[in-house]
Amino acid sequence: MARALVIINCIILAIGNCGGPLIMRLYFNNGGHRIWFSTFLETAGFPIIFIPLFFSYLNRRRSNNNEGENTRFFLIKPRLLMAAILIGILSGFDNYLYAYGIAYLPVSTATLIIASQLAFIAIFSYFMVSHKFTPFTINAVVLLTVGAAVLGMHTETDKPVHETHKQYMVGFLVTVAAAVMYAFLLPLVELAYQKAKQPMSYTLVLEVQMILCFLASLVSLVGMLIAGDFKALPNEAREFKLGEAMFYVVAVLSAIIWQGFFLGAIGLIFCASSLVSGIMISVLLPITEVLAVIFYHEKFQKEKGLSLALSLWGFVSYFYGEIKADKDKRIQEEAQLNSLPRRTRITEC
């Protein structure tokens, strides 16, 4: 079951991580200008989470009825709730930074910057949740970071012609800030799980995700109100290059796809760790590069091919290390069991 959850979260994360930036850029490429609205779409799909939560509630109620117990719809307790509210507010501002960067940078350049967050995740994870490093983990982090650095070569050739150098540089720096802030948020979620003082389950992870996205959406709605997005959106929809109907289709798809990214990210934190989630995100970024080349005809320089190879190498290195560590642990446990006196082993059995 645990392995199945990991696979499911990896698939969901892959769809969101690759599709989110592409559809966000589709909005900006075809006449979209509202950054707070784009930020809102990153988390506006949270009502979808009510569907699995409802089925989980029905399953728990059926089990509790057999035992004569009452069933609560929500399992989250105040301590974890307060942590989720804080992280949700911070996520709202982080989403704005990311949306701002996508508005002024090519997908390839934004992807490069986001890939660098893995190094920050490793550092924050070490200090916040005492994540231990192995040679394979360090190797994976180095390879993925080098891959991101290689990807940065000749990015100036990708600068959109209609943007000034100042806009490009501001977008670059803001995206760096978004990467660092998200690298801080992933271990913060893991720390919240550890300090929750209640048994963690995947149902509880879904509740945390819903609260995070709800608070982040509220931050975005306040931003939209201040920026005047509600007045500007009807006119923007009419002038959208792909048509008014497609404007709303893009908005809905964006909300759904981005929900997959956030759900997959915090799901992997629950199933493994924040560092695993960060490594998975970094592995998928070069794939986003390839998709950007296919759909938006961005240049695929040799640096991008080398970055893809390094990222895949880092991915294999990390999971080989995890498999080896698990195997060594089982061998050690068997050796300890075999070293016990025969009578002790029989008694334990």
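These questions and answers cover a predicted model of one protein.

Colleague: What is the mean pLDDT of the protein?
Modeller: The model is predicted, so confidence comes first. Of the residues, 90% reach 70 or more. The mean pLDDT is 83.

Colleague: Which element has the lowest mean pLDDT, and which the highest?
Modeller: Two helices mark the ends of the range. Helix α14, residues 342-348, has the lowest mean, 49. The highest mean, 95, belongs to residues 35-43, which form helix α2.

Colleague: Over which residues does pLDDT stay under 50, and how many contacts beyond four places in sequence does the model have for them?
Modeller: The stretch is residues 344-349. Beyond four places in sequence, the contacts the model has for this stretch number five.

Colleague: Which side chains meet in a salt bridge?
Modeller: The structure holds one salt bridge. Its N to O distance is 2.8 Å, and the cut-off is 4 Å, so the pair qualifies. The partners are D229 and R34.

Colleague: Where in the chain do D229 and R34 sit, and how many residues apart are they?
Modeller: D229 is in helix α10, residues 229-238. R34 is in the loop between α1 and α2. The pair links distant parts of the chain, and the separation is 195 residues.

Colleague: Is D229 buried or exposed?
Modeller: Its relative accessible area is 1%. Buried means under 20%, so D229 falls in that class. Its partner R34, at 21%, is partly exposed. For D229 the answer is buried.

Colleague: Which helix supplies the largest share of the nonpolar patch?
Modeller: The surface patch covers about 750 Å². Its residues include F120, I123, F133 and V146. Helices α6 (117-128) and α7 (135-151) each supply at least two residues. The largest share, four residues, comes from α6.

Colleague: What is the relative accessible area of I138?
Modeller: I138 lies in helix α7 and is one of the residues of the nonpolar patch. Patch residues need over 30% relative accessible area, so I138 passes that cut-off. I138 is partly exposed, and its value is 42%.

Colleague: Which residues is A119 in contact with, leaving aside its neighbours within four places in sequence?
Modeller: A119 is found in helix α6. With a relative accessible area of 23%, A119 is partly exposed. The C-alpha atoms of A119 and A183 are separated by 8.4 Å, though their positions lie 64 residues apart along the chain. The contacts of A119 are V141 and T145.

Colleague: What is the angle between the planes of F54 and F55?
Modeller: A search of the whole structure finds 21 aromatic pairs. F54 and F55 form one that is edge-to-face, at 6.1 Å centre to centre. F54 is partly exposed at 41%, and F55 is exposed at 54%. The angle between the planes is 65°.

Colleague: Why is the pair of F124 and F184 edge-to-face?
Modeller: The ring centres are 5.6 Å apart. F124 is in helix α6 and F184 in helix α8, 60 residues apart. F124 is partly exposed at 23%, and F184 is partly exposed at 32%. Planes over 60 degrees apart count as edge-to-face, so the deciding value is 80°.

Colleague: Which residues do ring pairs link into a cluster?
Modeller: The cluster is joined through ring pairs. Its members are Y27, F28, F37, F240, F247 and Y248.

Note on methods:
Residues numbered from 1 in each chain as written. Heavy atoms only, no water. pLDDT = per-residue confidence, 0-100. Contact = heavy atoms within 4.5 Å. Buried < 20%, exposed > 50% of the residue type's maximum accessible area, 1.4 Å probe, protein only. Patch = residues over 30% accessible without salt bridge, like charges linked within 9 Å, V, L, I, M, F, W, Y side chains within 5 Å. Areas by Shrake-Rupley, 256 points an atom, 1.4 Å probe, with all protein chains shown as cover. Phe/Tyr/Trp six-rings, centres within 6.5 Å; stacked < 30°, edge-to-face > 60°.
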